[in-house]
Amino acid sequence: MILVDEIFGPTIQGEGATIGVPTVFVRTGGCDYRCVWCDTLHAVLPKYKSNWKKMTPREIIDQVNDLAEGPILITLSGGNPALQPLEELIALGHSYGHTFTMETQASKAKPWFRMLDAITLSPKPPSSGHDPDWNGLQNCLDAIAYTAVKPSIKVVVFDDDDYQFAREVHKRHPDIPFYLSVGNHDPKGEADTSALLSRMEWLIEKAISDQWYEATILPQLHVLIWGNKRGV
Ligand code: SF4
């Protein structure tokens, strides 16, 4: 059984390597982190557990098939989807022509990562309140080594310390496509679009002045379009 917080879409992926790509989100419940600026606490905190449904892979894929007319990219998100047993879900989804990408903070590596089509490893920066987990990140990369899974790394940046952390991550893994994303400070309130855009401008100027040309710098597109609304 898989703990599911919500299934929604089709919509577009709002950030990272598949930004703009139509997708259905399967957001699992439960997370081993508690980032101070988490924007999906409904998929994290045990107090919301009663809202999470225990679903079989068949029930999840049936729901995805009801939402999407044909094969689509399924984004496994959370919480931390690596906490759930997802191998059967991925195998069943593939049998319908769906593809899978997953986003995780890279704290737990699982053998079934090699069944994914793509994975975004999103190690959390200092502003999250968590220490860097370099071993976790390496273990996740090792889990997909010598496979066709397309990896990318994405770091959310709120401030200068986060930026330095992002540079260190990239220095350690220079061959993995690297994405920077500006953080959304107030996930519970209205998204402050102009503050987000100013931070984005700051981030672009900083990366360019440091001649850091290998990083792709992106906004959280979904926040710019829909603010902090759920299920879009
Ligand atoms: Fe929220 Fe992600 Fe941090 Fe978990 S890892 S607490 S889902 S931001």
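Phe-8 is a good place to begin: in this predicted model, its relative accessibility is 9%, so it counts as buried, the cut-off being under 20%. Phe-25 is buried too, with a relative accessible area of 9%.

These two residues make one of the six aromatic pairs that the structure holds. Their ring centres lie 5.0 Å apart and the planes meet at 10°, so the pair is stacked. Phe-8 belongs to strand β1 (residues 2-12) and Phe-25 to strand β2 (residues 22-28), so the contact ties together parts that are 17 residues apart in sequence.

Another stacked pair is formed by Trp-37 and Phe-158. Here the partners come from distant parts of the chain, 121 residues apart. Trp-37 sits in the loop between β2 and β3 (53-55), while Phe-158 sits in the loop between β7 (150-157) and α4 (160-172). Both residues are buried.

Here are the two stacked pairs in brief.

| Pair | Centre to centre | Angle between planes |
|---|---|---|
| Phe-8 and Phe-25 | 5.0 Å | 10° |
| Trp-37 and Phe-158 | 4.9 Å | 25° |

Aromatic rings also gather in a cluster made by Tyr-163, Phe-178 and Trp-212. Tyr-163 has a further neighbour: the charged end of Lys-206 sits over its ring, 4.9 Å from the centre. Elsewhere, Arg-172 lies over the face of Trp-134, at 3.8 Å from the ring centre.

Finally, let us turn to the surface. Ile-204, Ile-208 and Tyr-213 make a nonpolar surface patch of about 310 Å². Ile-204 is found in helix α5 (residues 193-209), and its relative accessible area of 34% makes it partly exposed.

Note on methods: Residues numbered from 1 in each chain as written. Predicted model: local features only at pLDDT ≥ 70, side-chain atom pairs only at ≥ 80, totals over all residues. Heavy atoms only, no water. Patch = residues over 30% accessible without salt bridge, like charges linked within 9 Å, V, L, I, M, F, W, Y side chains within 5 Å. Areas by Shrake-Rupley, 256 points an atom, 1.4 Å probe, with all protein chains shown as cover. Salt bridge = Lys/Arg side-chain N within 4 Å of Asp/Glu carboxyl O. Helix = DSSP H or I, 4+ residues; strand = E, 2+ residues; numbered from the N terminus. Buried < 20%, exposed > 50% of the residue type's maximum accessible area, 1.4 Å probe, protein only. Phe/Tyr/Trp six-rings, centres within 6.5 Å; stacked < 30°, edge-to-face > 60°. Lys NZ or Arg CZ within 6 Å of the ring centre and 35° of its normal.
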